[in-house]
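Student: I would like to learn how to read charged side chains in a model. Could we go through one together?

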Amino acid sequence: MIEKTVVKTFVEEWLANNDYFLVDVTFTPDDRIVVEIDHADGVWIEDCAELSRFLQDKLGEELGNYELEVGSAGIGQPFKVPQQYTNHIGKEVEVLDADGKKVQGVLKTVDGADFTVAVKEKQKLEGKKRPVMVEVDKTFNMNNIKYTKYLLSFK
């Protein structure tokens, strides 16, 4: 039986020589080991193949009946690690807060577990008859939301 910590240790060893970062390692009920990595400029298939071969060499016979799958964190999938937030600064994201309210805007800053999203809201301004769209900064904590994900834009 392969331990998750062992797989993570080997992945971190490979990552030390590369600009990638680990997003997640999961073991599925159908005996698959799924390793997700990411990079600020995207993930190359050749690097996934190299990491897969590296893990196969390191795990050897222990891999046994497990199927090993190495890939990138899916685009449009919720962020799992803080580095994903940092990589998406300046890009449009969707946040589902703890109350179930969705907020869409541009990710402005990341500070530890806190991040700020610039959101456009209608507000009634003094001296104006109708509400106007105003940009408002909303700060969230990564540990107190349901998810944040990158929004694909085809503009």
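Student: Is Arg 32 buried, partly exposed or exposed, and what is its relative accessible area?

Tutor: Please keep in mind throughout that this is a predicted model. A residue counts as buried under 20% relative accessible area and as exposed over 50%, with partly exposed in between. Arg 32 has a relative accessible area of 23%, so Arg 32 is partly exposed.

Student: Where in the chain does Arg 32 lie, and which residues does Arg 32 touch?

Tutor: Arg 32 belongs to strand 2, and, leaving aside residues up to four places away in sequence, Arg 32 touches Thr 26, Phe 27, Glu 67 and Glu 69. The fold also brings in Asn 65, which is 33 residues apart from Arg 32 along the chain, with the two C-alpha atoms separated by 8.7 Å.

Student: How should I read contacts with acidic residues, and which residue forms a salt bridge with Arg 32?

Tutor: The general idea is that side chains of opposite charge can pair when their charged atoms come close. In this structure, Arg 32 forms a salt bridge with Glu 69, and the closest N and O atoms are 2.4 Å apart. This pair links distant parts of the chain, since Arg 32 is in strand 2 and Glu 69 is in strand 3 (residues 67-72), 37 residues apart. Glu 69 has 33% relative accessibility and therefore counts as partly exposed.

Student: How many salt bridges does a search of the whole structure find?

Tutor: The search finds 7 salt bridges, and one of them joins Lys 80 to Glu 36, with the closest N and O atoms 2.7 Å apart. That pair, too, links distant parts of the chain, because Lys 80 sits in the loop between strand 3 and helix 3 (82-87), whereas Glu 36 is in strand 2, 44 residues apart. Lys 80 is partly exposed, with a relative accessible area of 45%, while Glu 36, at 15% relative accessibility, counts as buried.

Student: Which residue forms a salt bridge with Glu 121, and which strands hold the two?

Tutor: Glu 121 forms a salt bridge with Lys 138, the closest N and O atoms being 2.9 Å apart. Glu 121 lies in strand 6 (residues 114-123) and Lys 138 in strand 7 (residues 132-141), so the pair ties together parts that are 17 residues apart in sequence. Glu 121 has 22% relative accessibility and counts as partly exposed, and Lys 138, at 23%, also counts as partly exposed. Salt bridges that share partners, moreover, join Asp 24, Glu 36 and Lys 80 into one network.

Student: What about Asp 38: which side chain of opposite charge is nearest, and how far away is it?

Tutor: Asp 38 lies in strand 2 (residues 32-38). Asp 38 is buried yet has no salt bridge, and the nearest side chain of opposite charge, Lys 91, is 9.4 Å away. Beyond residues up to four places away in sequence, Asp 38 touches Tyr 20, Phe 21, Val 23, Val 43, Ala 73 and Gln 84.

Student: How are the charges spread over the whole chain, and what is its overall shape?

Tutor: The chain has 20 positive and 28 negative charges, whose mean positions are 16 Å apart. The C-alpha atoms fill a box of roughly 75 × 30 × 30 Å along the principal axes, and the radius of gyration is 20 Å, where a compact globule of 155 residues would have one near 15 Å. The secondary structure comes to 3 helices and 8 strands, and 36% of the 155 residues count as buried.

Technical notes. Residues are numbered from 1 along each chain as its sequence is written. This is a predicted model: local features need pLDDT of at least 70, side-chain atom pairs count only at pLDDT 80 or more; totals for chains, interfaces and linings use all residues. Side-chain values use heavy atoms; hydrogens and water are left out. Helices (H or I, at least four residues) and strands (E, at least two) are DSSP runs, numbered from the N terminus. The radius of gyration is taken over C-alpha atoms; the globule rule is 2.2 Å times the number of residues to the power 0.38. Buried means under 20% relative accessible area, exposed over 50%, partly exposed in between (1.4 Å probe, protein chains only). Lys and Arg count as positive and Asp and Glu as negative; His and the chain ends are not counted. The place of a charge is taken as NZ of Lys, CZ of Arg, CG of Asp or CD of Glu. A salt bridge is a side-chain nitrogen of Lys or Arg within 4 Å of a carboxyl oxygen of Asp or Glu. Contact means heavy atoms within 4.5 Å.
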